[in-house]
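This report goes through selected features of one structural model, beginning with a metal site and moving on to aromatic contacts and a helix. Please keep the sequence and the structure in view while reading.

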Amino acid sequence: MHASVARPEAGSAEHRRILAKFFINSVVDYRPESIEWPSLAPADLERLRRLPFWQEAVSTENVTSNTVAAAARLETDIGLRRAIELQGFEEQRHARLLLELARNYRIPVETPPRFEPRSLEDDFLYAGFGECFDSYFAFGLFALARESGYFPAQLVAIFEPVIQEEARHILFFVNWVKYRRSLLPWWARPAFRLRCGWIILRQIASRMRTARTLGGDEPDGAENFTLSAHRALAEPITLHRLLEICRRENDRRMACYDQRLSRPRLVPAIAKFLYRVLPASL
Ligand SMILES: [Fe+2]
Ligand SMILES: [Fe+2]
C-alpha cells in the first residue's frame, strides 16, 4: 500500500470526482455475443460441463445486475450515478457472457427471471459486501485455473476482463460506502455502520455454511460458489496455499488504480487471519 499518497476526505467533491473518474475511465469494450469461442477437445469440454456452478453463476450475476442498475437511482451525483449505471451494465454483461458460453458448449443453464430489489440501498450494500468476499476468492481461483493449464488458455483469457471488472466493482463499492456514510449527520453514522456490520455478518454466516460443506460432496449454497470451486478448477491444493494466491492476486489486480482511493480492507484482513491460524496442511 502506498502510505505516502494523500487521500481526499471521504465524500468530498474531490473524492467523488476521482471515484467516478477511475470507474468510468477503466470501462472496457466487449460484446459477449461477438466472442469467438475456441473449439474444445472432448476431455476439456467434459471438464467444463462438469463444473457445478454455471446456473448459480448466472443467477448471481442476474440478481447483482438488477440490484446495481436499480441502485443508480439512489445517486444525485452525476458522475457516481453514471459509474453505478455502468456497473449494472457490466454485471448484466457477465450474465450474458455466461449464457453465451453455456449456449456455445451446450451446458444446460436457464435464463433466470428478472430480480426486483426491495430496498435500493440495503440490497446494494448486501450485493456489494457479497462481492467483496466472492471477488477476493475468485481472483485466486481464476489464477489457479489459469496457471494449472486445466482449461485451454484461450478460454481462460475470455474471462480475464470479467475478473478485472469485479476488482473495479469492489474498489468502487468500498469508497462509495464511505461517501454514503459521509452524507449522514454525525449522529446517524453509527446506525449506518451497524447496518453495514449486520450485512457483513450475514454474508460471513453464508460463507461459513459453504465452508462447512467444503469437505463433503453436498451441493453448496447458490450465492457463494467461489469458496468451493477450487476443487473443480485445478489439481487439489491446500486452503492455505489458496489463501496465499488470493492475497497475491488481490494486490496485483488493485495495484493499477488511483492510489488516492481506499482499498478493500475487511476481506483481506479476514483472509490474512485465516492464513495465520490455519495449519499449512489444510
Ligand atoms: Fe459480476
Ligand atoms: Fe461485480
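## The iron site

Glu91 and His169 are both buried in this predicted model, and the two residues serve among the protein donors of the iron ion (ligand 2). The full set of protein donors of that ion consists of Glu91 (OE), Glu131 (OE), Glu131 (OE), Glu166 (OE) and His169 (ND1), at 1.9 to 2.6 Å from the metal. Along the sequence, the donor residues of the iron ion (ligand 2) follow the spacing E-x39-E-x34-E-x2-H.

Glu91 also bridges the iron ion (ligand 2) and the iron ion (ligand 1), the two ions being 3.6 Å apart. Distant parts of the chain are linked by the pair of Glu91 and His169, since Glu91 belongs to helix α4 (residues 78-104) and His169 to helix α6, with their positions 78 residues apart.

## Aromatic pairs

The count of aromatic pairs comes to 11. In one of them, the ring centres of Phe53 and Trp54 are 5.2 Å apart and the planes stand at 65 degrees, and because an angle over 60 degrees counts as edge-to-face, the pair is assigned to that class. Phe53 and Trp54 are both buried.

Phe129 and Phe173 make another edge-to-face pair, with 4.9 Å from centre to centre and 90 degrees between the planes. This pair links distant parts of the chain, with Phe129 in helix α5 (residues 120-148) and Phe173 in helix α6 (residues 153-182), 44 residues apart, and both residues are buried. Elsewhere, ring pairs join Phe22, Phe23, Phe172 and Tyr257 into a cluster.

## Charges over rings

Two arginine side chains place their charged ends over tyrosine rings: that of Arg47 sits over the ring of Tyr150, at 4.3 Å from the ring centre, and that of Arg93 sits over the ring of Tyr30, at 3.8 Å from the ring centre.

## Helix α10

Helix α10 (residues 266-277) contains 12 residues and reaches 17 Å from its first C-alpha to its last, which is close to the expected 16 Å at 1.5 Å a residue. Its buried residues are Val267, Pro268 and Ala271; viewed down the axis of α10, the buried residues fall within an arc of 100 degrees, and therefore they line one face of the helix.

These buried residues of α10 pack against α5 and α9 (239-254), whereas the face of α10 turned away from the buried side carries the exposed residues Phe273 and Arg276.

Conventions: Residues numbered from 1 in each chain as written. Chains lettered and ligands numbered in written order. Predicted model: local features only at pLDDT ≥ 70, side-chain atom pairs only at ≥ 80, totals over all residues. Heavy atoms only, no water. Phe/Tyr/Trp six-rings, centres within 6.5 Å; stacked < 30°, edge-to-face > 60°. Buried < 20%, exposed > 50% of the residue type's maximum accessible area, 1.4 Å probe, protein only. Helix = DSSP H or I, 4+ residues; strand = E, 2+ residues; numbered from the N terminus. Lys NZ or Arg CZ within 6 Å of the ring centre and 35° of its normal. Expected span 1.5 Å × (residues − 1). Arc of directions from axis to C-beta. Contact = heavy atoms within 4.5 Å. Donors = N, O, S within 2.8 Å, 3.2 Å for Na, K, Ca; no water.
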